[in-house]
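Biologist: I'm new to reading structures, and I'd love a close look at one small part. Could you start with a single residue, and then walk me outwards through the rest of the chain?

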Amino acid sequence: YVTIIDAPGQRNFIKNMITGTSQADCAVLIVAAGTGEFEAGISKNGQTREHALLAFTLGVKQLIVGVNKMDSTEPPYSEVRFEEIKKEVSSYIKKIGYNPAGVAFVPISGWHGDNMLEISSKMPWFKGWTVERKEGKVEGKCLIEALDAILPPSRPTDKALRLPLQDVYKIGGIGTVPVGRVETGVLKPGMVVTFAPAGLTTEVKSVEMHHEALLEAVPGDNVGF
């Protein structure tokens, strides 16, 4: 599974973006390819720069760049525009600390679905993305393949259970369902857990992720229990 944390792009919501990004194993930086839009994002105080810098600063070491709105370039689906953006973004992320060779650049159109899940016929010039890292070389064509190529970090399952709560739901017929991401240790049905700071102790009836019951949840899993 990949859990998508949708972080807002607007400056007013930078706190939310930091909250989301601090939990991520990989960042997907969406860059708008439209005339003037990319230039605004990459300008001195632009969002593209700010988000890339924040992701790296928060310790997100893997990056994917989606060059979006390829349908609104001049002319539409322009290879020249994609290469221009790729060159400029590569140069900037290199200054921050990312290695551009390890970053997949994918030209997409979210609106039309180009190169999201399937190869687009509108960009025959795009031969695919390549990622080179010490674990080896990976290649692909679409954004979903770039997501599949994310390296899962080592999970500290041998430590004590720690699960910061993100929310608590009260569901009729089921009861109280706390929701959060396992950071360390393992969460299993039947375990007795303690909530801080209240010091409340209770038994875990079941553990669910993506509407499926789990036998155990490990670090990185977003679960309800």
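Modeller: Let's begin with cysteine 26. Is this residue buried or exposed? Its relative accessibility is 14%, and because buried means under 20%, cysteine 26 counts as buried. Please keep in mind as we go that this is a predicted model.

With a cysteine, a natural thing to ask about is pairing. How many disulfides does the count give? It comes to zero. Cysteine 26 is in no disulfide, and the nearest cysteine sulfur, which belongs to cysteine 142, is 16 Å away. A disulfide would need the two sulfur atoms within 2.5 Å, so this distance rules the pair out. Looking from the other end, cysteine 142 is in no disulfide either, with the sulfur of cysteine 26 as its nearest cysteine sulfur. Cysteine 142 has a relative accessibility of 2%, so this residue is buried too.

Now let's move along to threonine 48. You can find this residue in helix H3, which covers residues 47-57. Threonine 48 has a relative accessible area of 10%, which means that it is buried. Which residues does threonine 48 touch, once its neighbours within four places in sequence are set aside? The contacts are Leu29, Val31, Gly41 and Ile42. Try clicking on those four in the viewer and you can see what surrounds the threonine side.

Let's step back for a moment to see where these residues belong. The domain assignment splits the chain into domain 1, residues 13-149, and domain 2, residues 165-224. Measuring between the C-alpha centres, domain 1 and domain 2 are 34 Å apart. The chain as a whole has five helices and twelve strands, and its C-alpha trace spans about 60 × 40 × 35 Å along the principal axes. Of its 225 residues, 38% are buried. What about contacts between residues at least 6 apart in sequence? Of these, 61% join residues at least 24 apart.

Next comes the outside. The chain exposes about 13,200 Å², with carbon and sulfur atoms supplying 55% of that area. One spot to look for is a nonpolar surface patch of about 310 Å², made by Tyr169, Ile171 and Ile174. Tyrosine 169 sits in strand S6, residues 165-171. With a relative accessible area of 42%, tyrosine 169 is partly exposed.

Proline 189 makes a nice next stop. Where is it? Look in the loop between strand S7 (175-181) and strand S8 (192-195). This proline is partly exposed, its relative accessible area being 35%. Along the sequence, proline 189 and serine 206 are 17 residues apart, yet their C-alpha atoms are 4.7 Å apart in space. Not counting residues up to four places away in sequence, proline 189 touches Val204, Lys205, Ser206, Val207, Leu214 and Leu215.

Right beside that proline in sequence is a charged residue, which brings us to salt bridges. Side chains of opposite charge can pair when their charged atoms come close. How many salt bridges does the count give? It comes to nine. Glutamate 216 forms one of them with lysine 188, and their closest N and O atoms are 3.9 Å apart. This pair links distant parts of the chain, 28 residues apart: glutamate 216 is in the loop between strand S11 (212-214) and strand S12 (222-224), while lysine 188 is in the loop between S7 and S8. Glutamate 216 is partly exposed at 38% relative accessibility, and lysine 188 is partly exposed with a relative accessible area of 38%. Elsewhere, salt bridges that share partners join Glu39, Arg81 and Glu84 into one network.

Two further pairs are worth finding. The side chains of lysine 122 and aspartate 114 meet in a salt bridge with an N to O distance of 3.9 Å. Here lysine 122 is partly exposed, at 43% relative accessibility, whereas aspartate 114 is buried, with a relative accessible area of 6%. In the other pair, the side chains of glutamate 139 and lysine 137 meet at 3.8 Å, N to O. Are these two buried or exposed? Both glutamate 139 and lysine 137 are exposed.

Note on methods. Residues are numbered from 1 along each chain as its sequence is written. This is a predicted model: local features need pLDDT of at least 70, side-chain atom pairs count only at pLDDT 80 or more; totals for chains, interfaces and linings use all residues. Side-chain values use heavy atoms; hydrogens and water are left out. Domain bounds come from an automatic or database domain assignment. Buried means under 20% relative accessible area, exposed over 50%, partly exposed in between (1.4 Å probe, protein chains only). Helices (H or I, at least four residues) and strands (E, at least two) are DSSP runs, numbered from the N terminus. Contact means heavy atoms within 4.5 Å. Patches are made of residues with over 30% relative accessible area and no salt bridge: like charges are joined within 9 Å, nonpolar side chains (Val, Leu, Ile, Met, Phe, Trp, Tyr) within 5 Å. Accessible areas come from the Shrake-Rupley method with a 1.4 Å probe; for residues, only the protein chains shown count as cover. A salt bridge is a side-chain nitrogen of Lys or Arg within 4 Å of a carboxyl oxygen of Asp or Glu.
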